[in-house]
Amino acid sequence: MTRPPITGATVVAGVAGQPVRHSLSPLIHNAWLEAAGIDGVYVPFDLPIAGFEGFVAGLRGGAVRGINVTVPFKEVALTLADRASDRALAASAANILVFEADGSVIADNTDGVGLISAFAIQAPGLVLASGPVAILGAGGGARGAAAALLAAGAPQVRIINRTLAKAQAMAKAFGARATAHPLAGAAHAFAGVVAVVNATSAELGEKAVLEAPLEATPAGAVVMDMVYRPLITPFLAHARRIGRPTVDGLAMLIGQAAPAFEAFYGRPPPAQVDIRALALKVIGG
Ligand code: ATR
């Protein structure tokens, strides 16, 4: 790839996180920018933990068009915005902040869109409205997943978490269609589900494995992992060994990036780039 020249009119966007060094978002957005011939650039903003609020305040006015927000700033990002989309409010987190010329900051969350599009692409036969979905985890990622799955018509989300109290608090916030379960009760919660989503951070560490009794899911249940490094996590490898169809976190990452690109640069990403193949070159798989 050759980088288009930076001009005086280049639209700047980026991703803010800590750490952000391993983010695939700069690769994805810059490949789209180049293919579309847009005078724009997308850069990493590696911020100190205490620096996010000041960073956002400094961007009011639109010198930077917008940022993706990643761990650990998604929750605070929502609180710093002047307006927020319903889906950001439902997830209690933002993965996008847009800086308007009038100084206002708009929050959105496209992680849920990414999750639903990952299912649509990699498990096209799955009808989310046809049965309960189990979610492992009760952090920000799990909240976003629950909000998206309920909005997509899932009749029930079963929140399974190591710390039961967190699952209970989350289920309460989501109302009658959400239930809470301890990790030790996962087999019970897996009965009759149409899909399982791993939204824990259990497998982010080297060699870490999330032990989940996936055998207790129905034979056709779709197993999804929000982690995309490695592409086939131990959790997905387990699902594949027992014959469950799987959906990977890279499909979700690309699915959330597309509406972010449109928010920053004013048009959808160009269709001709095989962004998944490009990302796979970096992460392997
Ligand atoms: P995020 O905002 O990215 O979802 P988080 O808020 O730190 O991250 O939440 C991480 C989730 O992964 C939590 O649900 C956590 O369980 P606890 O609430 O019990 O801490 C879960 N998690 C992390 N490590 C885990 C492990 N080794 N086994 C099971 N669950 C784990």
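## Contact between the two domains

In this predicted model, 13 residues of domain 1 are in contact with twelve residues of domain 2. Leu24, Ala91 and Ile254 supply 37% of the area that domain 1 buries against domain 2, more than any other three residues.

The domain assignment places residues 11-110 and 254-271 in domain 1, and residues 112-250 in domain 2. Domain 1 is thus given in two segments of the chain. Between the C-alpha centres of domain 1 and domain 2 the distance is 26 Å.

## Buried area

Domain 1 and domain 2 bury about 930 Å² between them. Carbon and sulfur atoms give 52% of that area.

## Polar and charged pairs

One salt bridge is counted between domain 1 and domain 2. Seven residue pairs are in polar contact across the interface of domain 1 and domain 2, with both residues of each pair at pLDDT 80 or more.

In the model, the side chains of Glu75 and Arg143 form a salt bridge, with an N to O distance of 3.1 Å.

## The domain 1 side

Two elements, α4 (86-91) and α10 (249-265), each give two or more residues to the side of domain 1 that touches domain 2. The largest share comes from α10, with four residues.

Sorted by class, the side of domain 1 that touches domain 2 holds five nonpolar residues, six polar residues and two charged residues.

How values were computed. Residues numbered from 1 in each chain as written. Predicted model: local features only at pLDDT ≥ 70, side-chain atom pairs only at ≥ 80, totals over all residues. Heavy atoms only, no water. Domains from an automatic or database assignment. Contact = heavy atoms within 4.5 Å. Buried area = accessible area lost by both parts, 1.4 Å probe. Salt bridge = Lys/Arg side-chain N within 4 Å of Asp/Glu carboxyl O. Polar contact = N/O pair within 3.5 Å; in protein donor to acceptor, adjacent residues only side chain to side chain. Nonpolar A, V, L, I, M, F, W, Y, C, P; charged D, E, K, R; others polar.
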